[in-house]
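Trainee: Could you walk me through this one? I'd like to work it out step by step.

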Amino acid sequence: MERSFHDEIEALKLGSGETFHGEGILAVTKALLQSGVTYVGGYQGSPISHLLDVMVQAKDYLEELGVHVEACTNESSAAAMLAASIMYPVRGAVTWKSVVGTNVASDALSNLASPGVMGGALIVVGEDYGEGASVIQERTHAFALKSALWLMDPRPNLPSIVRMTEKAFELSEASNTPVMMELRIRTCHVRGSFATKDNIAPAISGRHLQQQPAGFSYDRLSHPPATFRHEKLKYEVRMPAARKFIEDEGLNEFFEGRHDDVGLIVQGGLYNTTIRALQQAGLADGVGNTSVPMMVLNVVYPLVPAQLERFCAGKRAVLVIEEGQPEFIEQDIATLLRRADLQTRLHGKDLLAMGGEYTAEIILKGLTAFLGEHLPALDLSAGHGFGRELAEVRAQAAAELGGMVPPRPPNFCTGCPERPVFAALKLVERDIGKLHISTDIGCHSFATFEPFSFGNSILGYGMSMASSAAVKNFSAKRPVAIMGDGGFWHNGLLSGVSSALLNKGDGVLVIMKNGYTSATGTQETMSTPASEAKRVAEGSSATADEMTIENTLRGMGVKWLKTVHNYRVSKVRDVLKDAIESPFKGLKVVIAEGECQLERQRRIKPIVARRLKAGLRSVRTRYGVDEDTCTGDHSCIRLSGCPTLTVKASTDPLKREPVAHVTNGCVGCGLCGEVADAAVLCPSFHKIEIVTHPNLWDRFTDRLNRFFIGLLQPA
Ligand code: SF4
Ligand code: SF4
């Protein structure tokens, strides 16, 4: 990864008496060190990538403390790391994106939750739910319930987040249970400050070794008959211990308000949005003092019956503000109220949306309906007015923009090496007809959008090959599975390739080898040796003993394997066609090689800047379109989708259509020229070399060119 986290690492070193300023997710990272963790692991993914990325770059400092950091190959291996806390009094934390990462980790999580832990074990999950999410919409809560893992959902402000992180370890140790902490996108990115404490060097660590392994204890294995006892322990010992700790330590918070015959029960992560909604209704002030009492659940599982009974007793009605479906918390509260024989009316999903993100607007709607029913004398005109104001702004925007704003889906970066592969695939389809494409998770999934619109299924990270296993048996034309190198090492190697080889599957797999796990922030993979970028740039091959995807596949027995350079579109088209139509029966793998352009640009930027500063010759390549020959049919745009290949009005009054135009953002990847050639488009594209600090030869050839061009120009 070319990005530097120098400032973040310095923030991790702050000690007692200092103040941290920054994002929520970095505050969690700092809190882990203040809690004396022995080990940290995880698999990156939005919105928690920052935690692991910073930790990995901070390795030198963490070694001083004796903290081990592991960038795991998937969430399953991260969850399994927590086994260290089963038999040793060591604290550990792992992190990943949920719900997808929790799905991958769930086998290890079940086997961890059963015996429970001795040292504090914390799982920090990025709850990728709602408007900014990039995955399926499900809740982590279900995993907490089924495995009896405690689930925290801290109020999104830095002091609360830090306190909950530190308390999570204590809760875990007090109840011998791993704790999950869900952090929504907004919680991870909320900014603020908190008073820091000194980091704690763990008592058992790489610096202070445990001299003897833990003794044998069958009771600590998730194996029958021990598992029968574990189940009893979960509900008879661990849960009561957890409830006692939550109550004694005041992990849930209560805010009083003058309208105390009603109340709100809020997931901690939704506190800020709820306060915003109350403010709009004139029921909270600018610093968050509310006039409607609130119970804020910083721990959403387990709930503490005694706390809920106290909060609800004497109230006419309560509203549960719980995002996503099903309504786990509401159902839990309904049972608790019934058992306690409390007649408090319970509202929740009857007044609020069942699914989707709870914005202030949505909460306000439910809130005004709730208060309108139970406090009819309350003036709610401010709340209704805010709703009307929003509707008017929307109507005005729609009128001014002439209807709905067209969607702007995400796209490959300018010059991305994956774009040419899909341009080539389009050309293949032009020749042999439509194909079944199994897509995957990664940057290449941008090809599901215009102008490519490829993809018949997405079944999970590294799952494309496996998801074409059945389809290929009833398809007249071989389906194509697309996978990134990140997905290959995460899961695809075993669930796809090994399964296809075992079953002698006759499929086609295209692996996008860009050198990094780009979609999650360009983290390194098994096949990212330090020299990889340089080697790809030079077009040279790996040696036989290097850990490469090619060597791995050959070692597994893949016989049909071809590597292509992505930007050579005609060649990529021919190899893809060959794989789809080859008489060879068995797995055919095409490795599409080209360094992630985002990383390449980050890598070369300082080099170019240094050269320019030193007055050295530097050449920048970009492409252009000759306006005179462009017909304005836009076939090049339909085959590329590059953000810098756009349109502009023609200066020729006889041309009614806008002509193609390359903006100054072009990084000169060469795809335009390649596509124009491979698809036999038109001669409008030209390559431009911008030379800074030209040498004598550059100056001479420039003069010569100008002279001859001058001769050909009319006088
Ligand atoms: S991050 Fe890299 S691989 Fe992903 S779209 Fe950008 S250039 Fe392509
Ligand atoms: S050469 Fe074409 S595809 Fe490549 S960056 Fe420039 S405009 Fe985009």
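**From the sheet to the rings**

Trainee: In what order do the six strands of the open sheet come?
Mentor: Strands are DSSP runs of E, at least two residues long, and helices are runs of H or I, at least four, both numbered from the N terminus. Two strands pair if DSSP finds at least two bridges between them. The pairing in this open sheet is parallel, and its six strands come in the order β16-β15-β17-β18-β22-β21.

Trainee: What should I know about the model and its labels?
Mentor: It's a predicted model, where local features need pLDDT of at least 70 and side-chain atom pairs pLDDT 80 or more, while totals for chains, interfaces and linings use all residues. Residues are numbered from 1 along each chain, chains are lettered from A and ligands numbered from 1 as written, and side-chain values use heavy atoms, without hydrogens or water.

Trainee: Which strands stand at the edges of that sheet?
Mentor: Look for strands with a single partner, because such a strand has one side left without a neighbour in the sheet. That description fits β16 and β21.

Trainee: Which residue in β17 stands opposite Ile437?
Mentor: Start with the pair β15 and β17, which run parallel and are joined by two bridges. Across from Ile437, in β17, you'll find Val480.

Trainee: Is Lys588 buried or exposed?
Mentor: Lys588 is part of strand β22. Not counting residues up to four places away in sequence, Lys588 touches (heavy atoms within 4.5 Å) Arg478, Asp506, Gly507, Val508, Leu509, Trp560, Ala579 and Ser582. Buried means under 20% relative accessible area, exposed over 50% and partly exposed in between, using a 1.4 Å probe on protein chains only. With a relative accessibility of 0%, Lys588 therefore counts as buried.

Trainee: What do the buried residues of α22 pack against?
Mentor: First, pick those residues out: in α22 they are Val569, Ser570, Val572, Arg573, Val575, Leu576, Ala579 and Ile580. Their packing partners are α17, β17 (480-484), β18 (508-513), β21 (560-565), β22 (588-593) and α25 (671-678).

Trainee: And what do the buried residues of α15 pack against?
Mentor: The buried set in α15 is Ala360, Ile363, Leu364, Gly366, Leu367, Thr368, Phe370, Leu371 and His374. That set packs against β10 (262-267), α12 (271-280), β13 (317-321), β14 (345-347) and α16.

Trainee: Why is the pair of Phe412 and Phe446 called edge-to-face?
Mentor: There are 13 aromatic pairs in the structure. Rings of Phe, Tyr and Trp (its six-membered ring) pair if their centres lie within 6.5 Å, with planes under 30 degrees apart called stacked, over 60 edge-to-face and the rest tilted. Here the ring centres of Phe412 and Phe446 are 5.7 Å apart, and the pair is edge-to-face because the planes are at 85°.

Trainee: How many residues apart are Phe412 and Phe446?
Mentor: Phe412 is in the loop between α16 (381-400) and α17 (419-432), and Phe446 is in the loop between β15 (437-439) and β16 (457-458). So the pair links distant parts of the chain, and the separation is 34 residues.

Trainee: How does Phe446 count at 23% relative accessibility?
Mentor: Its partner Phe412 has 2% relative accessibility, so Phe412 counts as buried. Phe446, because of its 23%, counts as partly exposed.

Trainee: At what angle are the ring planes of Phe488 and Trp489?
Mentor: Phe488 and Trp489 are both buried. Their ring centres are 4.9 Å apart, and the pair is edge-to-face because the planes are at 80°.

Trainee: Last one: which residues form one aromatic cluster?
Mentor: You've met two of them already, as the edge-to-face pair Phe412 and Phe446. The full cluster is Phe412, Phe422, Phe446, Phe452 and Phe454.
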